[in-house]
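Trainee: May we examine this structure together, one question at a time?

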Amino acid sequence: MEKDKQIRIFDKQAAQYDKRREDPLQRKWREKLISTAEGKVLEVAVGAGANFPYYPASVSVTATDFSEAMLTKARRAASAYRSDVSFICSDTEELAFEAHSFDTVISTLSMCSYPNPIKVLHNMRRWCKPGGRLLLMEHGISSKQAVSVIQKTLNPLLYRYTGCHHTRDVMGMMHEAGITIEREERYWLGMVHLIWARP
Ligand SMILES: C[S@@+](CC[C@H](N)C(=O)[O-])C[C@H]1O[C@@H](n2cnc3c(N)ncnc32)[C@H](O)[C@@H]1O
């Protein structure tokens with residue numbers, strides 16, 4: 001899909017993501033993961049700022065996304081929940097930070113949308129300090145065969161309308177990118193992964 005078209009698809013979903021910030025199911029997972037962030041944080045593809053309610057008060061966050069409409073919602077959420085967030089409007093695949101710039105690098109529900117997620121994961125490793133942490137909440141192909149068949153059938157349609165792939169092999173991608181997994185939890189028929197990792 002062309003990048004401009006994908007941005008328009010996400011722009012249109014910004015209001016929906018804004019309303020979902022306090023979704024009770026995701027809230028549990030986000031709180032568990034995001035409350036473990038420390039120090040200088042990079043959050044890629046921040047969307048409408050769904051994680052902002054769960055950051056510890058001590059962290060400072062650099063948040064990025066390529067959708068201006070999402071960033072507008074995220075800026076508003078940042079002022080409601082915390083103040084120490086700076087924003088960058090950019091394609092994640094084009095971000096250029098110095099190596100070892102952040103204590104914690106975070107992605108939630110973004111690996112589904114990149115043309116080249118392994119490149120992003122490699123960069124996330126590089127941007128993270130050697131003793132730092134990568135925190136991810138990602139969705140992908142279910143571990144239940146019947147569900148995965150449905151996902152594979154619906155994926156072309158879902159990708160066209162939501163801009164997200166629903167069949168990515170989340171743990172396969174982590175291993176391919178050389179990420180060291182410390183802890184992993186799976187939910188929702190094995191489709192959702194919470195990951196605590198080292199670069
Ligand atoms: C499924 S939403 C998730 C948003 C947020 N991280 C969350 O947990 O709710 C995916 C987000 O990734 C952003 N995104 C997708 N591809 C991107 C890219 N190549 N560069 C930057 N942002 C991207 C979209 O604009 C959207 O905000």
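Mentor: We begin with a definition: Ala, Val, Leu, Ile, Met, Phe, Trp, Tyr, Cys and Pro count as nonpolar, Asp, Glu, Lys and Arg as charged, and the others, Gly among them, as polar. This is a predicted model, in which local features need pLDDT of at least 70, side-chain atom pairs count only at pLDDT 80 or more, and totals for chains, interfaces and linings use all residues. Residues are numbered from 1 along each chain as its sequence is written, and side-chain values use heavy atoms, with hydrogens and water left out.

Trainee: How many nonpolar residues does the shell around the ligand have?

Mentor: A residue is near the ligand if one of its heavy atoms lies within 4 Å of it. The shell includes 6 polar and 3 charged residues. The number of nonpolar residues is 9.

Trainee: Which residue has a side-chain N or O atom 2.6 Å from an oxygen atom of the ligand?

Mentor: A polar contact is a pair of N or O atoms within 3.5 Å. The side chain of arginine 30 has an N or O atom 2.9 Å from a ligand oxygen, and a backbone N or O atom of alanine 45 is 2.7 Å from a ligand nitrogen. The residue with the 2.6 Å distance is threonine 108.

Trainee: What radius of gyration does the chain have?

Mentor: The chain comprises 6 helices (H or I, at least four residues) and 7 strands (E, at least two), taken as DSSP runs. The globule rule (2.2 Å times the number of residues to the power 0.38) gives 16 Å for 199 residues, so the chain is as compact as a globular protein of that length. Its radius of gyration, taken over C-alpha atoms, is 16 Å.

Terms used
A polar contact is a pair of N or O atoms within 3.5 Å; within protein, one must be able to donate a hydrogen and the other to accept it, and residues adjacent in sequence count only if both atoms are side-chain atoms.
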